[in-house]
Amino acid sequence: LLQYVPAISALAGVIVGGIIQTVAAFLLAKTTRSDRLKDEQAARDRDNAKLQARENYSKALVARHLEGFARGCAETIWANGEYDAEGAMSPPTFPEWPADIEWQFLGARKMMKARDIELRVEIRRQGVQGHFEYVATDENEAREIFSEGAARIGWEAWTIAKDIRAEIGVEPFRYPDSGGNHAETLENAVAALEERARLYTERQEEKRRAAKAAGKEYDSLD
């Protein structure tokens, strides 16, 4: 038996060495794969971060563009409130979008929501113009009609811009303590219009109930 000891020892050494090499190769392959996966994930994260930055930049451009238009609407209200100024000012036209907005990064839903404002502005402006042509009898009425249209158009644009700012994690624009506040002007103007509409509806409802109680036919023109 002793004569086989060297052979057995040699064989055992070969087996142990093989096992060690196999385990080492496995560990090396596992480590290499793990490092490769980490590198690939890091590369994907960098690419995603770049895409997110481009997306946020385009959204920021859209928000600032809408805010600029909304400010123009507020300034229309201010101008029409200066009755010593000559003529009535109509709501501003919607300016062309910045050329460097990458719309594809906004996604279809967000892109359509932003682009819809352009069409909505044009529709509202046409409505305001029609109201002006058929209703306004003097400059003061024209000023009121134009101011109301500018308020509704501008507040809608400002609201969308505020939502976009919140989506990309940017705080709303902060006005200085002194000076004109466009957002406040638009918000107050729209609130006044809604309150006036509410009071009108209440008055019509009271007239309807009074006519019914008196056995008369209700006429909204009375």
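Start by selecting helix H2, residues 108–135: its 28 residues reach 39 Å from the first C-alpha to the last, close to the 40 Å expected at 1.5 Å a residue. Keep in mind as you click around that this is a predicted model.

Stay on H2 and show side chains for Ala114, Ile117, Val121, Arg125 and Val128, which are buried. Arg125 is the charged name in that list.

Now zoom out and colour by secondary structure. You'll see four helices and zero strands, running α-α-α-α from the N terminus on. Of the 222 residues, 27% count as buried. If you like contact maps, look off the diagonal: among contacts between residues at least 6 apart in sequence, 75% join residues at least 24 apart.

Next, the core. In soluble globular proteins, nonpolar side chains tend to be buried together. Here the largest nonpolar core has 32 residues, and Val62, Leu66, Trp97, Ile117 and Leu186 are those with the most contacts inside it. Colour the contributing helices: H1 (5–81), H2, H3 (139–167) and H4 (182–213) are the elements that give two or more residues to this core. There is also a second, separate core of five residues, including Val128, Ala136, Ala142 and Phe146.

Which residues does tryptophan 97 touch, leaving aside those up to four places away in sequence? Select Trp97 and then add Val62, His65, Leu66, Trp103, Ala114, Arg115, Ile117 and Glu118. Two of H2's buried residues, Ala114 and Ile117, turn up again here.

Time for a surface view. The largest pocket holds about 190 Å³ of space. To find the pocket, select Arg124, Val128, His131, Ile145, Glu148, Gly149, Arg152, Ile153, Leu193, Arg196 and Ala197, which line it. H2, H3 and H4 each supply at least two residues of this lining, and the largest share, five residues, comes from H3. Colour the lining by chemistry and you get five nonpolar, two polar and four charged residues. Val128 is worth a label, as it belongs to the second core and also lines this pocket.

Last stop: aspartate 163, in helix H3. Is Asp163 buried, exposed or partly exposed? Its relative accessible area is 38%, and because that falls between the 20% and 50% cut-offs, Asp163 counts as partly exposed. Finish by drawing a C-alpha to C-alpha distance from Asp163 to alanine 63: the two are 100 residues apart in sequence and 8.6 Å apart in space.

Conventions: Residues numbered from 1 in each chain as written. Predicted model: local features only at pLDDT ≥ 70, side-chain atom pairs only at ≥ 80, totals over all residues. Heavy atoms only, no water. Expected span 1.5 Å × (residues − 1). Buried < 20%, exposed > 50% of the residue type's maximum accessible area, 1.4 Å probe, protein only. Core = buried A, V, L, I, M, F, W, Y, C linked by side-chain atoms within 4.5 Å. Contact = heavy atoms within 4.5 Å. 1 Å grid on protein atoms, 1.4 Å probe; cavity = no way out; pocket = protein on both sides within 12 Å on 5 of 7 lines; lining within 4 Å. Points joined across faces, edges and corners; volume = space filled by probe spheres on them.
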